[in-house]
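Hi,

Here is the structure I promised to pass on. Have a look at it first, and then read on for what turned up.

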Amino acid sequence: MAVVIKSIRTWKDDFWDHVDQSTAIWDACWEWKGERDKDGYGVFNRGGKHLRANIVGYQIQNGVIPKGYVVMHQCDNPPCVKGTHLGLGTNAENLADMAEKGRARGGRRTKDGQEPKNRRENRDVS
Ligand SMILES: [Zn+2]
């Protein structure tokens, strides 16, 4: 009689099942394929709890989130759950960042994630 070794699936396998890693571009985003909330963030259902996929992704790939910190997207792509695209910031930094993005809509930020403070003014001058 053959012994069937069933691999033990964990909730992490379940998580990765919902992530699109098909891109061949090494630095491209890994987008959440499952449910998304109204803001476009991935929703991961773990044992009946609805968790933000980017937060779970951060924890799986980067580790513990210290108290008082929030997970921020360095790629400005809400459904992205790639560990290297996720960073930590304080709540105040996150709000400031969102305000900055709101103003800078349509413009991509530079690779280091910082948009020059004077860029908006420059853009308005034709
Ligand atoms: Zn990304």
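Before any counting, a word on terms: helices here are DSSP runs of H or I with at least four residues, strands are DSSP runs of E with at least two, and both are numbered from the N terminus. On that basis the protein chain comes to four helices and six strands. Reading from the N terminus, the order is α-β-β-β-β-α-β-β-α-α.

Please keep in mind that this is a predicted model. The average pLDDT of the protein chain is 85, and 80% of the residues score at least 70. Two stretches are ones to treat with care. Over residues 106-110 the pLDDT stays under 50, and the model has six contacts beyond four places in sequence for them. Over residues 115-126 the pLDDT is also under 50, with nine such contacts in the model.

Now the overall picture. The protein chain has 126 residues, of which 15% count as buried. Taking contacts between residues at least 6 apart in sequence, 38% of them join residues at least 24 apart.

What sits in the core? The largest nonpolar core has nine residues, namely F15, V19, W30, W32, F44, A53, V56, C80 and V81. Two of its members are worth a visit.

Start with V19, which is in strand β1 (residues 19-20). V19 is buried because it has 20 C-beta neighbours inside 10 Å, and 20 or more is what the label takes. Not counting residues up to four places away in sequence, V19 touches W30, W32, K33 and V81; of these, W30, W32 and V81 are listed in the core too. V19 and A53 are 34 residues apart along the chain, and their C-alpha atoms are separated by 9.5 Å.

Then there is F44. Leaving aside neighbours within four places in sequence, F44 is in contact with F15, H18, G34, L51, A53 and V56. Among those partners, F15, A53 and V56 also appear in the core list.

On to the hairpin, which is easy to find on screen. Strands β3 and β4 run antiparallel and are joined by four bridges. They form a hairpin with two residues between them, and G47 in the turn has a positive phi of about 55°. R46 stands opposite K49 in β4.

Helix α2 gets a section to itself. Which of its residues are buried? In α2 (residues 53-61), the buried ones are A53, N54, V56, G57 and Y58. The cover over them includes α1 (11-17), β2 (31-32), β3 (43-46), β4 (49-52), β5 and β6. After the helix comes G63, with a positive phi near 115°.

Two neighbours in α2 make a nice pair to look at, Y58 and Q59. Why is Y58 called buried? Y58 has 23 C-beta neighbours inside 10 Å, so it counts as buried. Q59, on the other hand, is partly exposed because 16 other C-beta atoms lie within 10 Å.

As for what they touch, again skipping residues up to four places away in sequence, Y58 meets I65, V71, G83 and L86. With the equivalent neighbours left out, Q59 is in contact with V64 and I65, so I65 turns up on both lists. Both residues also have partners further along the chain to check by distance. Y58 and G87 are 29 residues apart in sequence and 8.0 Å apart, C-alpha to C-alpha. For Q59 and G83, the figures are 24 residues in sequence and 8.5 Å in space, again C-alpha to C-alpha.

One last spot is D76, in the loop between β5 (69-73) and β6 (86-90). D76 has a positive phi of about 60°, although it is not a glycine. Is D76 buried or partly exposed? It counts as partly exposed, because it has 17 C-beta neighbours inside 10 Å.

If you only have a few minutes, I'd open the core around V19 and then the α2 pair, Y58 and Q59.

Cheers

Conventions: Residues numbered from 1 in each chain as written. Predicted model: local features only at pLDDT ≥ 70, side-chain atom pairs only at ≥ 80, totals over all residues. Buried ≥ 20, exposed ≤ 12 C-beta atoms within 10 Å, placed from the backbone. Core = buried A, V, L, I, M, F, W, Y, C linked by C-beta atoms within 7 Å. Contact = placed C-beta atoms within 7 Å. Pairing = 2+ DSSP bridges. pLDDT = per-residue confidence, 0-100.
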